Every structure is written in C-alpha cells, then in structure tokens.
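Reader: I'm new to reading protein models. Could you take me through the aromatic rings and the nonpolar core, and show me how each label is earned?

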Amino acid sequence: MDNSAHLVYNSPLLHRPAALCWATLMNKVVDLKSTVNLPKTDFPMKANLPSSEPATLERWEKMKLYEAIRRTRAGAPLFILHDGPPYANGNIHLGHAENKILKDFIVKSRNMLGFNAPYVPGWDCHGLPIEIKVDQALGKKKAGMSLLEIRQECRKYAAKFIDLQRTEFKRLGILGEWGAPYLTMSHDFEAAIARTFARFVEKGSIYKGLKPVHWCISCQTALAEAEVEYEDHSSPSVYVKFPVTSDLSFLDQALKDRKVSILIWTTTPWTLPANLGIAFNAHLDYSAVAVGDEVYIMASDLVEATAQKCGFQPGATLAQFKGSRLERLEAKHPFLERLSLFVLGDHVTLEQGTGCVHTAPGHGHEDYAVGKAYGLDIYCPVNGRGQFEEGTEFFAGMNVFKANPAVVELLASRGALLATEKITHSYPHCWRCHNPVIFRATPQWFISMEHADLRHKALDAIKGVRWLPEWGEERMSNMIATRPDWCVSRQRVWGVPIIVFYCESCNEPVLEKLFLDHVVSIFEKEGSDAWFQRTVEELLPPDARCPRCQAKSFRKESDILDVWFESGSSAEAVLAKRDDLPWPADVYIEGGDQYRGWFHSSLLLGVGVHGGAPYRQVLTHGWTLDAQGKAMSKSLGNVIEPQGIVKDSGAEILRLWVASSEFKDDVRISKDMLVRLAEAYRKFRNTARFMLGNLYDFSPGENSVSVAELSEFDQWALRQTSRLLERVYRWYETYEFHRIYHAVNEFVTLDLSAYYLDILKDRLYTAAPNSLLRRSSQTAIYRIVEALTRAMAPLYSFTCDEIWRYLPKEAGREESVHMATFVPAERLIEGFSEKMFQKLDDWDKLSEIRAEVLKVLEMARKDKFIGQALEAKVQLVAAGDTLDLLKAYQSFLPYLFIVSQVELKDQVQPDNYYAETNALKILVQRADGKKCERCWNYSLDVGQDADFETACGRCTATLREMGH
C-alpha cells in the first residue's frame, strides 16, 4: 500500500457515518467532524506534469528567474561549469537530455550551496554534417553559388536548429543564459578562434607539412583523431615476397648466392604501390630459413606461424641475426622497378605478421616517422577522392579499395604472393559518413606536440586536474603521450578559415603577427565570412609586404580549421571575458567520447595559450542504453525520444531518470523504468501534500514553538532530517546525485510517510488546534518540508518550485525556491542539548520494537481478527533495559503502534496473535471499551461525559479546550 496516500485519505476520521458525528451540548448540536483538524491545501493531488510544467516555465520566464538568481548570488564565491557545445543539427536525443540535466543539477546545487554559479549554454555551429545537409538541400543549385552564399545557407541551417534545441532544452527545466548563448559561428567567437590560432603561430607551434593523416575519401577532407571511429571491416590479408638485392654473405656464408626474400604481411594491399621500405626491429632475432631452393627471412619467433599461414614447410635455418644488421640493405619491389630500403623501427613487434613491416611513408604515421628518419620520400600516389593518380603504374584512376583485388592478382602473376585470405578487423571509419578512411599524405597545417614542450606540459597539466571517474586521468595521459602532431586543417567551406596568406612571388606562407592580428580585428566586427567576402587586399594591413622577398601580392589559404580546434577554443571565447566567468572553469562534464574530442582539444589549447588546463575537474557520464544494455538505433526499433517522455510523463520524470542513475556508468532506460519512477514521484508528491495540508493554520512567525517546547518525537524527526541533509549536501559536492535521489526517497517513504507522519496523524487531527503538542509537530513538519524542498530543488525542479509556492507565508521568503540556498543541516538541531541527543537515541530502539509489534498486528489484520489497528490492544512482556525503555515511554506507546491500548505485563498467555523476540513477548488482543466517534480510539471512558456521549475522555477535554 502507498503510505503517502494512506496518510490523508485512509484516515478513519474521513470515513465515519455522518449520523454518528454529532453530539448534543446544552441543546446545541456539535458536529464532531468539524472539530477535527483535517488537512487542507490547494496543492494539487495530481501533478499533470505535461500541462503544469509549461505554466511553470512561463512563470519563470516572466519573473526572469535566471537573472533573479544571478542578482541574489552577486558577490558570492564563483563556481563555473563551462558548457560543452552540442552540435546544431537535429532534435535533441536522450544523450543530450542526460548531459544537460546533469549540468542543471550541478549549477542549481552550487547556487543553492551558496556559490554564484552562472551557466552559459553553447552550440557548435560549424562543420561537415551541416555542410552536407545544406549540400543535399541545395542540390544542383549549389553549382551556381559562391562560397559565401553556401556559408550563409549553412548559417541559416545552424540557426534553425539552435532555436529548436534551445526550446527543447528549456522544456527540461534547465536554467541558463538562453537569450545570450555562445555560438561558434558568432563574430566574437570566430574572432577568438582565429586569435587562438594566431597565438600558436606566435609561439612557432604551427607548421605546414606533408604528412599522412586520416582522410575520408567520401567527405574528401582530413579527419582529426576524434573524428575517427573504429568499426569491423573486411580486408584482404596478404603475405608477399620482396627479393633481396643486397649481398647477405656478411651475415652468413650460407646465404651467398642464394635466392633470398623478405616476407611481409599487410591488410592494405592497395598501399603496396607506395612502398619504399621494409622495417625491422633492431632488437628482435630474425632467421633466414630454407624453403625449397629459396630462402625466406622473417622474425625467428614467427617462423612457425608464418609457415602455417603460407603453407610451406620450413627447412634448415641458414642464419640467425639481430634486426639491426639489416639496416640500409635493399630489396626489389615485387612489381615495380624500385628498391625498398631496410629501415629500423620500434613499432615493429611480434604481435602479428612476419616481423618485417611493409613501409609506405605516405600512408601511415609510423611509416612516415621512420621514412623521415631515413630520408625516404613522403610518397602518396592517391588523390582526395581515393583514386590513384594518373601515372601510377597498373592502377591509375582506380579506387584504392577496389584496387585491392587487382594488386593481389598482380602479386600472384609475378610469383610474389605466398598467401591471401579475408580477415575482419577493427578499422578506422569516418564518424560522419561511416565509410572506411585511409591514411593519406597531403599538405596540411599541424600543431607540433613537441615545440614549446606542448606534450609534456599537457601531461603535467593532467595531473593537476580532478578526474571523475579516476580512470580519466590515465586515459587522457595515454592519449596525449602517444598522439601525433595535431592536424588542424580541413578542406571544406563551413568553418573558420586558417588566416594565412601566401606570397605570390616566393609561394611561402606568411605568418606575421601584424597580418594575423589585423584579420582577427576584422573578424571581431564582421565574422569569418569576411575572409570569403573581402579581397586579399581588403584583408591585409596597409602596405603589407612579404617578409622574405618584400613582394606585395598575396593569395588566401583555402582550408578551414578543424572543428575540434573551434570547440576547444570555447574557454578562450567564453571565459575571462566577464568578471563572473573566470578562467579556468571549475568543471567540464561530457560523455566518454570527449577524451578524444572536447576534453582533449580544450586541454591542448589551454596549455598552449595559458600554460594550464582550462578545467579543474573533468566529469564523464556514460551512454544511454535500452533495458537490455544495447545502444539505441532506429534499425533496432529501441529508440526512446526525450520529447515523447516529456509529452507523456513530464520533464520531471526524465530528470528523475537522470537523478536515479549513477551517471558515471552507462545508463539504461525503458518504459517500465519510467513507470516505476512515476510511482516513486507520486509518493514524494503525496507526502509533500500531506505535510502542506497539515500546515493550513500554521504561521511560522506566530505559531512556531521553541526547541525546548518541541516534543521528543518531533526533535527526533528534526535530527533525522539533519543527518540526511548532511549526506545530501556532501553528495551534491561530489556529484553523487543518484545517492541523493535514493536516500531522500527512502527517507520520505520510510522515515516520514510510514513512520513519523503516520504516528503524528492522531495529534495533528484530534488535538486542539493551538495545543502545544500540535504546534510542536507543525513546527517540525514545516521545518522539514521547507528544508527538503530546498534540498531537492536541483533534482525535482518543477515540483519543489510548486511546493515552495504552497508553504505557509513567511516574511522575506524568496519568490522561487531556486533563488534560495540550502538550509544548513545543523540549523535543524540548533539549540539541542547533549541530554536531548542522548534521549533521541531511545527512538532508534523504539522503532525496532514498533517493527516487531506491527508484524503481529498485520497477522491479526490478515486473519480479519481486527480491521483497523485501533481495534487492537497490545500486551508486552519485557525485562531489563527494554522494560525500562517501555516504562519511560508507556504513555506514548499506543501512538507509536497506532493502537488503542498498550499494557506492560509480567507475563501473557500465548494466543493466535503472539510473537517472541530475544527481549520481548508480544500479544495482540481486541481493544477494550467503546470506539470514540471523534478519534476512533477505543476507550473505557467513552460516553462518561453526558455532553459528549460518543466521545472519549481525551476528546472531551479537547472539545472543552476548543470552547465547545
């Protein structure tokens, strides 16, 4: 049974026959029911969240709630959560909702902890996904449009979805500067991006180089590490012979005049036309193994596995030697008139293959690094569309992936193929189009990880950040330690241009501070569209000259910056621009994918510009999954949209889903979970309604009683609430919202609804309205509900704001709970003496006794021996400390058990409704006497007063106190 509903609506006082509720007093008829203090409140029983929440949002809008909070917090210590910008494309999904709701929990709780915590939401507006959508919408029309016109269409597209997402985020009850968010496409933000680029140029960290980068042949652009996802892919695996041309007799005379080949293994046969070398590990052992009349060289530890894969029987080992002895020897390319140089590299391992690694410096990071060390050309015969360039022997014009079978066939025809098979392995794919990508050397702009010691400074900065979960520190450190130089150029249109000019005379890039700062100043007024709108001369400072050759003719760079450089610049664009937004931020919180993305780029840019991380703490939340732990996708039909939850159940239920989950783990959701959350919400709401209903005649300023006058039971309730609040505030500080949700739900359901408030019903309803006992309980109830409303406002944002409006009026109260601060936990027990605290420990023991008694009462109720518990009399037998405790509280025991009578006995005769514990014997019998028609307790003194023939002595005294 839902005890929160039982609190009000199952009271016996509401169900008595009308005819029995009257008494005659001196010829005056007294309606006994009218003398009972039944709960009264306009606080609605049903929340109707889908319809009531928009009204609340409208009220917040009219009162300018966010701005009001800022005014009330002015001068308080600052706490800055810097928003990671969602992408301005499409409706929000559950991941967006979880992220923004978590941020709202943090911001609201920090404000209520006494901080000044502004929240500036932002949007990532540039990038390929928007450009592709616009391309699709424009169709053939695009061919006749200028780059500036295309960018303007992209800007309109982004603005449309910013408005859409803003409306959806606000519907979730999230407060922030929605009227002035940061946008990566705004003039000031674009200027900040360009300025950040200029600072790296000044430090000498930016360079243009021919290096292999991840390249999407579908989107025809370079990709950052964060833009690459790994998915299963089928590739041809080949073992290939490279005939050695160098004399190997110096290794062993047994190799003199022998037909010797190096065996390599690769899963990218299409890169073999670009092969310029073979890499060996200097420290590994290699064997020259006789196979028929040939000799194959491979790593000694891989001979058996290679022989099995290639189907040959290894003969005698003619020589063994370290890889270092092969350095700078040569082999003939298997199908081109070209030699392959033997090089040494630590990237060569025994994990797979032959220990001899095919090296194409234009198609791999390690290949590039070792190629540079040995002076090899950075050769890449593949264009941006993924086709071999004209002039590439055998494969000109062919798509690289379609060339794989042709390469295999050519190898076989030349006798160079030892084995081939299809394998499925993890392979890089473009995060946008989900097509496989390639490594392709192309001229790009890079940020050096080594110049100005960026890598080591970033690694040091990581150590000064608090990471939640803790594994975030190791994950980020590993990524920074092993990442290559950052490719920051992209070959697209919709983004911030790389503000570099080239001299038309010497063809060198001009990276002068004067040039860069002048462009930044233009962007501040006109935005980055100026790069496409203005002529070169209009972008340059007066009398601009090439610093190398003094020429005055220039052209613009056509590449744009990586979008991760843009979003990573957000701290530069947003923080330290206002007094209430200092750099660095206190916290960043995003999903785990941002270790490759926003966390990563923000760190590098923060270290590069400021010498430190732009955040003090980094929090990571998991993914949203279905009930079976599967990622949501339209193809699986398991997608749950936040808009649907809001429409059917209300945003509050969506917020509680986030609050109830440990966000650092992946979070599951299902319709059944939402039903359970709605039921828990109903209990919370009904308990609040009961408490409000019993404060209808209570004025905090006039009717509150002093600490000394509080009943011991009310003191206990305040102490329990204080203990809860201590934990709640600590959990807010450590971002453990799920602990708050579950602890408060348990407290409201068990400690309050099923225990404290259930016991209080008798005094609240039947005591004289102004009696000390009733005012004591009302004082405690008021202080508890007011403190809990504040404490839960960050989570139950709509409902606590609603409860706040129905609390008894009090001078100086804030218009919204969100403008208030938390009640200090110690305030609820302020004035409690040490003696009081010692006495309150008795209530823990009394609660244990009550639990045992209720079990026996339930047996009697189940057998219909009694109906209501008030029809029962409880007899107890105890000894020692338990007996002393029961004697001390004997007069309160009937209210504690909610029965009509409790007797302490030396012994009882076991009967049907009897139980024993170690310290207690319990017997339930039917109550003695008659039922009082006012309080429904059974008593022997009902009707002893002729004026109130159906009332008990206690109620008769109360009626006279009330003036009847």
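Reader: Which residues form one aromatic cluster?

Author: Phe713, Trp716, Tyr755, Tyr756, Trp843, Tyr889, Phe892 and Tyr895 do. Bear in mind that this is a predicted model. The structure holds 51 aromatic pairs.

Reader: What makes the pair of Phe515 and Phe554 edge-to-face?

Author: Their ring centres are 5.7 Å apart, and a pair needs centres within 6.5 Å. The planes meet at 80°, while edge-to-face asks for over 60 degrees. Both tests are met, so Phe515 and Phe554 are an edge-to-face pair.

Reader: Why is this pair said to tie parts together?

Author: Because Phe515 belongs to helix α13 and Phe554 to strand β23, the pair links parts that are 39 residues apart in sequence.

Reader: How do you know whether Phe515 and Phe554 are buried or exposed?

Author: Buried means under 20% relative accessible area. Phe515 has 4% and Phe554 has 5%, so both count as buried.

Reader: What makes Lys931 count as lying over the face of Trp936?

Author: Lys931 is at 4.0 Å from the ring centre, and the distance limit is 6 Å. Lys100 lies over the face of Phe169 in turn, at 4.7 Å from the ring centre.

Reader: And which residues have the most contacts inside the largest nonpolar core?

Author: They are Leu172, Phe737, Tyr756, Leu795 and Trp843, in a core of 158 residues. Helix α24 gives the largest share of this core, 15 residues.

Definitions and conventions. Residues are numbered from 1 along each chain as its sequence is written. This is a predicted model: local features need pLDDT of at least 70, side-chain atom pairs count only at pLDDT 80 or more; totals for chains, interfaces and linings use all residues. Side-chain values use heavy atoms; hydrogens and water are left out. A nonpolar core is a set of buried Ala, Val, Leu, Ile, Met, Phe, Trp, Tyr and Cys residues joined through side-chain atoms within 4.5 Å. Buried means under 20% relative accessible area, exposed over 50%, partly exposed in between (1.4 Å probe, protein chains only). Helices (H or I, at least four residues) and strands (E, at least two) are DSSP runs, numbered from the N terminus. Rings of Phe, Tyr and Trp (its six-membered ring) pair if their centres lie within 6.5 Å; planes under 30 degrees apart count as stacked, over 60 as edge-to-face and the rest as tilted. A charge sits over a ring if NZ of Lys or CZ of Arg is within 6 Å of the ring centre and within 35 degrees of the ring normal.
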